[in-house]
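Hello,

Here is the structure I promised to pass on. Please have a look at it first, and then read my notes underneath.

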Amino acid sequence: MRGFLASSIGVTCAAVLALPLTLPASAAPSAAPAPASAAQSTSGASSASTTAAPALPGSTQSLPLVPRTGDRTFGAAPEQGLTRGDVHRFSLVGVIWDDPDAALHGSVQVRTRATATGTWSGWQDVDTHNDDHGADPGTAERASGHVHGSTAPLWVGDSDGVDVRVRADRAATPAAGKADQQPSRLPAGLHLELVDPGAAAPPPAGPPATRNRTGAPEAAAELPALTRQATEQELVDLGHKAQPYIGPRPRIVTRHGWGADEKLREKGFVYTKQVRAAFVHHTATGNNYRCSQAPSVIRGIYRYHVKSSGWRDIGYNFLIDKCGTIYEGRAGGVAKAVMGAHTLGFNTNSMGIAVLGTFGSAKPSSAAVTAIARLTAWKLGLYGGNPRGKTYLKSGGGNLYRKGKNVRLNVISGHRDGFATECPGRQLYGKLGSARSTSARYQGR
């Protein structure tokens, strides 16, 4: 195994496993800039000049919504929206608002114009229930002053025109001894976010062991799968305590592999003591993507989480596409207990795994469910976790459990187990029993 670690790919993979990602000097991370002002694109251009070329790979156009009237579809309910056909091309959309503690009680629908054909899509629903994600209350990430309320992002493909409508629900309000249906108030500061994920940087020339001018190895595009024996030996060589049950490490596409712009996120990393549980999510970005587009979808989610929602980095620790490919999420080292922003109230001592797609009625692929099992068998195994078992996590506060309550959860849980939410969707949630059994089998239990 020491021979493996001394090889070119072994040196690179060990660095990614054991340490926060070491970047070339030309791509050293810097503090994430504050979100743009209401009428400004986070690429630096004003909303009136959205056709300007982005200053960074990818861009975000942040456009304020305006009141809309006269649409009989929405009756008298408050409505805001926007129609623009002069925007810079984008592939992912979402809506944000000022107060991260305010919920959007209503519906958001968008239709977009395809760049390639000039045709408009039908209306698509955007998931408004996204307050169940994010950093825990009281953490520095939550209290940064940059965080916004936000919908889930929706992948729409390469587009250059957009039409959005946001409608408030009607709420039952007691009056004169009966419930009258009154329009809810929409949150203040509604903005439409149009995200261009940009193109990934080409891979560096030469073998993976090529050194940059700081002497550190270049980031690897992926960590190859290992056998169980190689996985166990690697832990010993890296100074980890050997565990009696650990699954073989699966192939993982690194942040470098999917093209993360490390200048977007905040400097540094935040860790917890261990990984006791894995929470499974769906991204609610829709299922209309090809597996070859998955890196672009992830770059879009990453930019939306940081530049639009105001988080320090992408919220999930890992992501999985419909073909079963596993991707590194939040930076800090794939084998480390990196604190994410995925399950509000339970981000400490846990990890978040998000399957790209929406699984309320659509079934997840068998490849994706198998990937959940392979990933959890390895990562939970690093910390002695039994995929079929139970564990306790202390709530940081949420709508199911008060702050400070010790909650007994499945070691592999769905997001809805820690928060009242539809995530990870009924169909994916129903597959978690199978994932637990398969994960335990990969661990040799």
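Below are my notes, going from the whole chain to single residues.

This is a predicted model, in which local features need pLDDT of at least 70 and side-chain atom pairs count only at pLDDT 80 or more, while totals for chains, interfaces and linings use all residues. Residues are numbered from 1 along each chain as its sequence is written, and side-chain values use heavy atoms, with hydrogens and water left out.

The whole chain

The protein chain has 8 helices and 20 strands; helices (H or I, at least four residues) and strands (E, at least two) are DSSP runs, numbered from the N terminus. It has 445 residues, of which 53% count as buried. Here buried means under 20% relative accessible area, exposed means over 50%, and partly exposed is in between (1.4 Å probe, protein chains only). About 18200 Å² of the chain is exposed, and carbon and sulfur atoms supply 51% of that area; accessible areas come from the Shrake-Rupley method with a 1.4 Å probe, and for residues only the protein chains shown count as cover. Among contacts (heavy atoms within 4.5 Å) between residues at least 6 apart in sequence, 76% join residues at least 24 apart.

Salt bridges

A salt bridge is counted when a side-chain nitrogen of Lys or Arg lies within 4 Å of a carboxyl oxygen of Asp or Glu. The count comes to 14 salt bridges. One of them pairs Arg68 with Asp163, with 3.3 Å between the closest N and O atoms. Arg68 sits in the loop between β2 (66–67) and β3 (79–84) and Asp163 in strand β8 (residues 154–168), so this pair ties together parts that are 95 residues apart in sequence. Arg68 is partly exposed at 28% relative accessible area, whereas Asp163 is buried at 6%.

Arg84 and Asp86 also meet through their side chains in a salt bridge, at 2.6 Å from N to O. Arg84 is buried, with a relative accessible area of 17%, and Asp86 is partly exposed at 40%.

You may also like to look at Arg265, which forms a salt bridge with Glu262, the closest N and O atoms being 2.6 Å apart. Both Arg265 and Glu262 are buried. These two belong to a network of salt bridges that links Arg255, Glu262, Arg265 and Asp313.

The cysteines

How many disulfides does the structure hold? There is 1 disulfide, by the rule that a pair of cysteine sulfur atoms lies within 2.5 Å. The disulfide joins Cys291 to Cys323, with an S to S distance of 2.0 Å. The link of Cys291 and Cys323 is right-handed, with 95° about the S-S bond. Cys291 lies in the loop between β14 (277–282) and α5 (294–308), and Cys323 in the loop between β15 (318–320) and β16 (326–328), so the disulfide ties together parts that are 32 residues apart in sequence. Cys291 is partly exposed at 21% relative accessible area, and Cys323 is partly exposed at 48%. Cys423, on the other hand, is buried at 4%.

Helix α3

Which residues of helix α3 (residues 228–237) are buried? They are Thr231, Glu234, Leu235 and Asp237. These residues cover an arc of only 165° around the axis (taken from the directions from the helix axis to the C-beta atoms), which puts them on the same side of α3. Just after α3, Gly239 takes a positive phi of about 90°.

Best wishes
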